[in-house]
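Please read the following walk-through alongside the sequence and the coordinates. It moves from aromatic contacts to single residues and then to helix geometry.

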Amino acid sequence: MPEEQRSHAEPDALKTLRKWQRGLRVNHISHHRSAARYAMLGRALGITVIVLSTVVGAAIFTTLKESLSTAAKIGAGLLSLAAAVFSALQTFLGFAQRQAAHHEAAVRYGALRREIEAALGLPPAEPELHRLLAHLRARWDEIDAAAPAVPQRIWRGAIKTVETAEAVARKGSQ
């Protein structure tokens, strides 16, 4: 390949790596935030189940000593029903599984991003660079196929975070 064409191809491949690095940063951040969100939702639902179950248990234990009014019995029954519903929701919504899947995706996107950062730090020669791009593309496709969907609001927030970090970096380098 003539020198003129090679010098043109390398910057394009490096541009692609920088673009992919940015995309992977967004994926990495959005999956970390999704994992944190599902962990928080799982804890909130779990605490609700614990509180309702404790109150129902205390109410039932109280009835062993004395007779409760009809209203108290209905209240205890409704709390018991609510505890069962929230417990079923906890299982059905699977926040713990969602959190784990997003965490796994974040770890994998982060590893791929660091691989790109290493390549940008010491770019390989053109033939190796093109092999690296093919390898990275295949790994990214594999991660995308296994990764759960990120809620749109979290995705947009991750994009803003990356844009802000890039603006700060540009301003700092001037």
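**Aromatic pairs and their surroundings**

Tyr38 has a relative accessible area of 8% and is therefore buried, since the cut-off for that class is under 20%. The model is a predicted one. Phe95, with a relative accessible area of 12%, is buried too. The ring centres of Tyr38 and Phe95 are 5.9 Å apart and the planes meet at 25°; because planes under 30 degrees apart count as stacked, this pair is stacked. Tyr38 belongs to helix α1 and Phe95 to helix α3 (residues 95-121), so the pair links parts of the chain that are distant, 57 residues apart. Arg37 is placed over the face of Tyr38, 5.4 Å from the ring centre.

How many aromatic pairs does a search of the whole structure find? The search returns two. Besides Tyr38 and Phe95, there is the pair of Trp20 and Trp140, whose ring centres are 6.0 Å apart and whose planes stand at 90°. Planes over 60 degrees apart count as edge-to-face, so Trp20 and Trp140 form an edge-to-face pair. This pair also links distant parts of the chain: Trp20 is in helix α1 (residues 3-63), Trp140 is in helix α4 (residues 126-146), and their positions lie 120 residues apart in the numbering. Trp20 is buried at 14% relative accessibility, and Trp140 is buried at 13%.

Helix α1 also holds Ser30. Is Ser30 buried or exposed? Its relative accessibility is 0%, so Ser30 counts as buried. With neighbours within four places in sequence left aside, Ser30 is in contact with Val150, Ile154, Trp155 and Ala158. In general, an α-helix has 3.6 residues a turn, so residues three or four places apart point the same way.

Ala111 is located in helix α3. At 32% relative accessibility, Ala111 counts as partly exposed. Ala111 and His28 are separated by 83 residues in sequence, and their C-alpha atoms are 9.2 Å apart in space.

The remaining helix to consider is α2, residues 70-93. Its 24 residues, at 1.5 Å a residue, should span 34 Å, and the C-alpha atoms at its ends are 34 Å apart, so the expected and modelled spans agree. Just after α2 comes Gly94, which takes a positive phi of about 55°.

Definitions and conventions:
Residues are numbered from 1 along each chain as its sequence is written. This is a predicted model: local features need pLDDT of at least 70, side-chain atom pairs count only at pLDDT 80 or more; totals for chains, interfaces and linings use all residues. Side-chain values use heavy atoms; hydrogens and water are left out. Rings of Phe, Tyr and Trp (its six-membered ring) pair if their centres lie within 6.5 Å; planes under 30 degrees apart count as stacked, over 60 as edge-to-face and the rest as tilted. Helices (H or I, at least four residues) and strands (E, at least two) are DSSP runs, numbered from the N terminus. Buried means under 20% relative accessible area, exposed over 50%, partly exposed in between (1.4 Å probe, protein chains only). A charge sits over a ring if NZ of Lys or CZ of Arg is within 6 Å of the ring centre and within 35 degrees of the ring normal. Contact means heavy atoms within 4.5 Å. The expected span of a helix is 1.5 Å times one less than its number of residues.
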